[in-house]
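Q: Please take a close look at one part of this model, the salt bridges, and then describe the setting in which they are found.

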Amino acid sequence: MLKLVGIPAPEKRVDQYPHELSGGMRQRVMIAMALSCNPELLIADEPTTALDVTVQAQILEVMKELKEKFSTSIMMITHDLGVVAEMADSVIVMYAGTVVEYSDVKSLYKKPLHPYTEGLMNSLPKIDDPKDELTTIPGTVPSLYEMPKGCRFAPRCPYAQDVCRQETPELYEVDHRKVRCFLYTDKMGGREA
């Protein structure tokens with residue numbers, strides 16, 4: 001299995017301690033361990049955190065290859081939108097512990113529906129549009145002990161209205177996608193997707 005995940009000299013590495021391996025090798029070992037049971041679903045929680053971009057690309061490539069070889073689905077949990085674009089077919093965006101948008105990856109990047117997703121996409125630096133400062137989402141994430149009434153994103157949302165501060169929106173279907181936002185209902189005039 002170590003050979004399958006691209007570890008050089010696996011017969012030597014198998015007897016080494018974790019501190020003797022690089023971060024990338026430790027990630028590969030974890031992937032090998034997870035796949036050794038031939039799972040139908042591999043849950044990868046921040047699998048490329050703390051890796052340099054070269055090693056990160058290698059790990060993602062290994063995961064793609066193994067996904068095909070073993071017919072395993074991968075659920076990736078990450079804050080890295082570049083990893084999402086590279087690896088995902090479908091995306092769930094969460095804010096303060098709540099699903100706010102569910103979409104295929106191409107539609108999400110082309111036109112995010114939820115204001116939080118829109119803010120995330122706008123905060124990405126763009127090579128063709130250099131700025132002195134990056135765009136940010138104003139405010140802070142609420143404490144899990146003091147969630148706001150209504151939509152959890154309302155205190156930070158540029159489109160928030162009274163209904164957002166009073167009621168919690170459901171997940172609404174919009175063009176074969178789902179979004180938790182009143183912008184797409186009659187309560188706020190219905191926004192075009």
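A: Glu-86 is a good place to begin: at 42% relative accessibility it counts as partly exposed, where buried means under 20% relative accessible area, exposed over 50% and partly exposed in between, with a 1.4 Å probe and protein chains only. The model is predicted, so that local features need a pLDDT of at least 70 and side-chain atom pairs count only at pLDDT 80 or more, whereas totals for chains, interfaces and linings use all residues. Residues are numbered from 1 along each chain as its sequence is written, and side-chain values use heavy atoms, with hydrogens and water left out.

Glu-86 forms a salt bridge with Lys-64, with 2.5 Å between the closest N and O atoms. Lys-64 belongs to helix H3 (residues 53-70) and Glu-86 to helix H4 (residues 81-87), so this pair ties together parts that are 22 residues apart in sequence; helices (H or I, at least four residues) and strands (E, at least two) are DSSP runs numbered from the N terminus. Lys-64 also counts as partly exposed, at 27% relative accessibility. It is one member of a set, since a search of the whole structure finds four salt bridges, each defined as a side-chain nitrogen of Lys or Arg within 4 Å of a carboxyl oxygen of Asp or Glu.

Another of these salt bridges also starts from helix H3: the side chains of Lys-67 and Asp-89 meet at 3.8 Å, N to O. Lys-67 lies in helix H3 and Asp-89 in the loop between H4 and S3, so that distant parts of the chain, 22 residues apart, are linked. Lys-67 is partly exposed, with a relative accessible area of 27%, while Asp-89 is exposed, at 55%.

The salt bridge between Glu-101 and Arg-177 has a buried setting: Glu-101 has a relative accessible area of 0% and is buried, and Arg-177, at 7%, counts as buried as well. The closest N and O atoms of Glu-101 and Arg-177 are 2.9 Å apart. Glu-101 lies in strand S4 and Arg-177 in strand S6, so the pair ties together parts that are 76 residues apart in sequence. The two strands are also joined through their backbones, for S4 (residues 98-104) and S6 (residues 177-179) pair in the antiparallel sense over two bridges; two strands pair if DSSP finds at least two bridges between them. Within this pairing, Glu-101 stands opposite Val-179 in S6.

The wider setting of that pair is an open sheet of four strands in the order S3-S4-S6-S5, with antiparallel pairing. S3 and strand S5 (172-174) stand at its edges with a single partner strand each, so one side of each has no neighbour in the sheet.

Strand S3 (residues 90-95) leads on to a group of aromatic rings. The structure holds four aromatic pairs, counted where rings of Phe, Tyr and Trp (its six-membered ring) have centres within 6.5 Å, with planes under 30 degrees apart taken as stacked, over 60 as edge-to-face and the rest as tilted. The rings of Tyr-95 and Phe-153 have centres 5.0 Å apart and planes at 80°, so this pair is edge-to-face. Tyr-95 lies in S3 and Phe-153 in the loop between helix H6 (115-122) and helix H7 (162-166), 58 residues apart. Tyr-95 is buried, with a relative accessible area of 3%, and Phe-153 is buried at 2%. Phe-153 pairs with Tyr-116 too, with centres 5.5 Å apart and planes at 65°, so this pair is likewise edge-to-face. Tyr-116 in helix H6 and Phe-153 are 37 residues apart, and both are buried. Through these ring pairs, Tyr-95, Tyr-116 and Phe-153 are linked into a cluster.

Strands S1 and S2 run parallel and are joined by five bridges, with Ala-44 standing opposite Met-76 in S2. The side chains along S1 alternate: Leu-42 and Ala-44 point to one face and are buried, while Leu-41, Ile-43 and Asp-45 point to the other and are not.

As a background to these details, the protein chain has seven helices and six strands, and 37% of its 193 residues count as buried.
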